[in-house]
Amino acid sequence: MDIIIIGCGEVGMTLAEQLAEEHHNIAVVDTSLEKLQEIPENIDALRVQGNGSSINTQMEAGVDHADMLIAVTESDELNLLCCVIAKKARRCHTIARVRNPVYSQEIDFIREQLGISMIINPELAAATEIARLLRFPSAIQIDAFAKGRVELLKFRIRPEFRLDQMTVAEVRERLRCDILVTAVERQESVFIPNGDFMLHNDDRVSLIASPQNAAQFFKKIGLKTNQVKNCIIVGGGTTTFYLAKQLLEMKIDVRIIEKNKSRCDELEEELPGAMIINGDATDKKLLMQEGMTRTEGFVTLTNMDEENIMLALYAKERTAAKLVTRVKRIAFDEIIDKLDLGSVIYPKYITADYILQYVRAMKNSIGSNVETLYQILDNRAEALEFSIHENSQVTGKSLMELSLKDNLLIGCINRRGRVLIPRGQDTIEVGDTVIVVTTQKGLHDIQDILKR
């Protein structure tokens with residue numbers, strides 16, 4: 001497809017890289033020549049300097065034959081205007097990043113009235129993911145499928161779990177839990193395991209299950225499954241606003257530490273149920289006064305990655321709280337992973353996943369749609385949910401009859417709300433949604449799981 005990306009920031013660059021890898025024709029537009037020149041040479045994209053809301057700039061980028069325009073500049077209003085111009089110039093699909101909470105209650109109206117295909121709010125998406133982790137603090141990462149009926153959860157094996165030297169098959173047999181181990185990260189390597197694969201301490205294991213079965217599994221190995229009772233959030237930005245609202249609805253006690261006095265006043269007005277503290281969270285005395293040693297959740301959402309990481313490391317030494325750390329830049333992600341910061345949230349990956357999901361759904365070829373897509377295992381694999389609309393080569397046959405690609409696992413079948421952890425004799429049927437985990441990138445249709 002021909003795709004125009006307006007805005008060459010972190011999200012724009014991530015999208016350009018991933019969409020170029022999937023062999024789409026990409027044009028990137030930005031007012032800054034310097035930013036355009038920073039696009040790596042390995043990203044095959046047309047670079048256009050100019051204002052993305054200008055019809056002349058859009059024409060130079062190829063809007064007259066574009067299939068999609070994605071606007072991810074720092075300005076919500078500019079993103080919306082870019083999409084409106086593109087819809088007038090060419091009735092292509094349009095996606096706008098809109099972050100301001102003022103618009104959050106009006107998203108449906110804006111989308112329908114302006115004819116925008118999709119509106120994505122990265123801060124709201126990040127807040128929802130963090131809230132999910134605080135609901136289930138045992139997991140490092142949680143991705144939801146089938147409207148929340150199925151979850152993909154990641155955790156780190158500790159010696160006290162007594163899973164060391166146990167095969168994947170033995171885990172299910174001994175613990176009698178209806179879960180499926182879908183991936184294992186060991187140092188720099190990633191594995192899609194079979195039943196004979198042996199687990200070791202310090203492995204990061206991803207499993208798929210219903211929320212109830214996942215809770216049962218974690219309880220049996222001795223991990224906490226109840227949501228946190230209280231939480232300290234450092235930083236008072238937009239993500240904090242969205243997160244605090246969700247936590248208060250979950251009856252979780254919320255304390256927010258924010259340096260800026262005027263922002264504290266705003267938060268007090270917007271979040272009457274939260275405790276707002278005006279202060280510097282790098283002040284150890286303040287953290288102790290506000291109950292760091294007693295808190296069950298500690299979330300760092302300042303605008304500085306370094307501060308978020310240092311605060312999380314300090315909290316790790318002083319408390320047993322569930323740690324969630326936001327990191328906006330990913331240049332040193334392999335080092336960050338080794339620090340064991342609890343759950344690390346990369347907002348731009350969340351945004352890119354939603355947009356890639358939409359792009360893949362547009363490209364479906366025969367009777368199935370990509371309903372959900374997550375980049376997992378440090379972006380080295382994907383978890384996809386396909387909705388099956390028609391009979392095809394994969395339907396009506398037992399899974400053991402299908403010739404599946406290497407490093408690919410069918411993790412779950414959702415059949416009319418009933419969650420099936422599949423066995424070899426199970427089949428995929430029309431009306432199912434099917435979750436696939438694979439290191440093979442770029443699947444667009446359920447038939448792509450088969451060897452050619």
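Of the 53 residues in the largest nonpolar core, Phe155, Leu163 and Phe217 touch the most other members. A nonpolar core here is a set of buried Ala, Val, Leu, Ile, Met, Phe, Trp, Tyr and Cys residues joined through side-chain atoms within 4.5 Å. Buried means under 20% relative accessible area, exposed means over 50%, and partly exposed covers what lies in between (1.4 Å probe, protein chains only). Helix α7 gives this core its largest share, seven residues. Phe155 has contacts (heavy atoms within 4.5 Å) with, among others, Ile140, Phe161, Leu163, Phe217 and Leu223, leaving aside neighbours within four places in sequence. Polar residues are on its list too, including Ser138, Asp203 and Arg204. Apart from this core lies another one of 43 residues, including Leu15, Ile39, Ala352 and Ile413.

A word on what you're looking at: this is a predicted model, where local features need pLDDT of at least 70 and side-chain atom pairs count only at pLDDT 80 or more, while totals for chains, interfaces and linings use all residues. Residues are numbered from 1 along each chain as its sequence is written, and side-chain values use heavy atoms, with hydrogens and water left out.

Now for the sheet. Six strands form an open sheet in the order β14-β13-β12-β15-β16-β17, with parallel pairing. At the edges sit β14 (275–278) and β17 (343–345), each pairing on one side only. On average, neighbouring strands are turned by 15° against each other, direction ignored. Helix α7 (residues 122–135) packs on this sheet, touching β12, β15 (297–300), β16 (322–326) and β17, and its direction makes about 170° with that of β17. For such angles, axes are lines fitted to C-alpha atoms (for helices, over the stretch in contact), and values run from 0 to 180 degrees between N-to-C directions. Helices (H or I, at least four residues) and strands (E, at least two) are DSSP runs, numbered from the N terminus.

Zoom in on one pair: strand β12 (residues 230–234) runs parallel to β13 (residues 253–258), and five bridges join them. Two strands count as paired if DSSP finds at least two bridges between them. Within this pair, Asn230 stands opposite Asp253 in β13.

Two other asparagines are worth a look. Asn414 lies in strand β20 (residues 408–415), and Asn79 is found in helix α4 (residues 76–89). Asn414 counts as buried because its relative accessibility is 7%; for Asn79, also buried, the relative accessible area is 0%. Both side chains reach backbone atoms in polar contacts, meaning pairs of N or O atoms within 3.5 Å; within protein, one must be able to donate a hydrogen and the other to accept it, and residues adjacent in sequence count only if both atoms are side-chain atoms.

| Side chain | Backbone atom reached | Distance |
|---|---|---|
| Asn414 | nitrogen of Gly417 | 3.3 Å |
| Asn79 | oxygen of Arg97 | 2.8 Å |

Not counting residues up to four places away in sequence, Asn414 touches Ala146, Arg149, Asp432 and Thr433. The C-alpha atoms of Asn414 and Val150 are 8.3 Å apart, although 264 residues separate them along the chain. Asn79, on the same terms, touches Ala71, Val72, Thr73, Ala96 and Arg97.

How many disulfides does the structure hold? Zero, with a disulfide taken as a pair of cysteine sulfur atoms within 2.5 Å. The sulfur of Cys82 is 6.8 Å from the closest cysteine sulfur, in Cys83, so it is too far for a bond. Cys264 has its closest cysteine sulfur in Cys231, 16 Å away, also too far for a bond. Cys82 is buried at 0% relative accessible area, and Cys264 is buried at 3% relative accessibility.
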